[in-house]
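Visitor: Please give me a close look at one part of this chain. Set the frame with the whole, then work inward and give the reasoning where there is some.

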Amino acid sequence: NRDIYHSELNTFFDRSIDELEGFFEPHKRGAQAAGIRIQQMHMPYPIYVPNGSRELNDYLWREVAPKSMALCAYLECPYIVIHGFKLARFLGSEEKEWAQTEKFIDSIVPYAKEGVTICIENLYEGVGGHLVEGPCCDAGKAAERIDRINEKYRAEVLGFCLDTGHANLVGLNMEKFITGLGFRLKVLHIHDNDG
């Protein structure tokens, strides 16, 4: 992702959906042969660069995101994890930051095939040489937002991915967080970074 932050795009997603499916076809066949179900995938990130060019961000939203959704369905994978936008410092509030993430979620929901759930993930942010809570670190807000979006689409299009490593970095109480999310918790990223 360092290249993307420097406006250098990887051309991988210039390929057509058929070409991308062809690229991942051995992965799909291999998993099936081994009796493995691909349970989750992660959308490339960042999917938006705050100071990036319009051309760069349009490419990420209009090429990378929908094609990632299509590949998730092709791999018969039930969950795709996305990173919310780290924009609170640029926009002045967490609410405005979430509004941009929700706008992105709305843009990819139409590409969610039956059985694919988008999952937002708790993140950290670097501020002044310190790691602080980033997007989706408030379980109550996350639960309310997930419920509201799922109600809006009358389907389970949004869930949550708890990243334990990110939670450790910013000191989240994981028991309280998991309890607050309840049934909305769909995916785990387990990073042992606290010893």
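**From the whole chain to one loop**

Guide: In this predicted model, 74% of the chain's contacts with a separation of 6 or more are between residues 24 or more positions apart. Keep that figure in mind as we move inward. The chain has 8 helices and 7 strands. Its C-alpha trace spans about 40 × 40 × 40 Å along the principal axes. The radius of gyration is 17 Å, and a compact globule of 195 residues would have one near 16 Å, so the two agree. Of the 195 residues, 44% count as buried.

Next, the surface and the charges. The exposed area is about 10700 Å², and carbon and sulfur atoms supply 50% of it. There are 21 positive and 29 negative side chains. The centres of these two sets lie 3 Å apart.

Now the part itself: the loop between strand S5 (130-133) and helix H6 (139-153), where Cys136 is placed. Start with the backbone. Phi of Cys136 is near 65°. That is a positive value, and the residue is not glycine. Next, the cover. Cys136 has a relative accessible area of 10%, so it is buried. The cut-off is under 20%. Cys137 has 8% relative accessibility, so Cys137 counts as buried too.

Is there a bond here, or none? The structure holds 0 disulfides. A disulfide is a covalent bond between the sulfur atoms of two cysteines. To count as one, the sulfur atoms must be within 2.5 Å. The cysteine sulfur closest to that of Cys136 belongs to Cys137 and is 7.6 Å away, which is too far for a bond. The view from the other side agrees: Cys137 is in no disulfide, and its nearest cysteine sulfur, that of Cys136, lies 7.6 Å off.

Step back to strand S5 (130-133), at one end of this loop. Glu125, in strand S4 (residues 124-127), leads there. Beyond its neighbours within four places in sequence, Glu125 contacts His130, Leu131, Val132, Glu133 and Gly134, along with Lys86 and Arg89. Glu125 is an acidic residue, yet it counts as buried because its relative accessible area is 15%.

Lys86 and Arg89 take us to the next stop. Leu87 sits in the loop between strand S2 (79-82) and helix H4 (88-91). Leu87 is at 5% relative accessibility, so it counts as buried. Setting aside neighbours within four places, Leu87 is in contact with Tyr48, Pro50, Gly92, Glu97 and Gln100. Phe24 is another matter: Leu87 and Phe24 are 63 residues apart in sequence and 33 Å apart in space, C-alpha to C-alpha.

Two more backbone details are worth a look. Tyr45 and Pro46 are joined by a cis peptide bond, with omega about 0°. Pro46 lies in the loop between strand S1 (40-42) and helix H3 (54-74). Then comes Glu76, in the loop between H3 and S2. Phi of Glu76 is near 55°, again a positive value in a residue other than glycine. Its cover can be set beside that of Cys136. Glu76 has 48% relative accessibility, so it counts as partly exposed, whereas Cys136 is buried at 10%.

Conventions: Residues are numbered from 1 along each chain as its sequence is written. This is a predicted model: local features need pLDDT of at least 70, side-chain atom pairs count only at pLDDT 80 or more; totals for chains, interfaces and linings use all residues. Side-chain values use heavy atoms; hydrogens and water are left out. Helices (H or I, at least four residues) and strands (E, at least two) are DSSP runs, numbered from the N terminus. The radius of gyration is taken over C-alpha atoms; the globule rule is 2.2 Å times the number of residues to the power 0.38. Buried means under 20% relative accessible area, exposed over 50%, partly exposed in between (1.4 Å probe, protein chains only). Contact means heavy atoms within 4.5 Å. Accessible areas come from the Shrake-Rupley method with a 1.4 Å probe; for residues, only the protein chains shown count as cover. Lys and Arg count as positive and Asp and Glu as negative; His and the chain ends are not counted. The place of a charge is taken as NZ of Lys, CZ of Arg, CG of Asp or CD of Glu.
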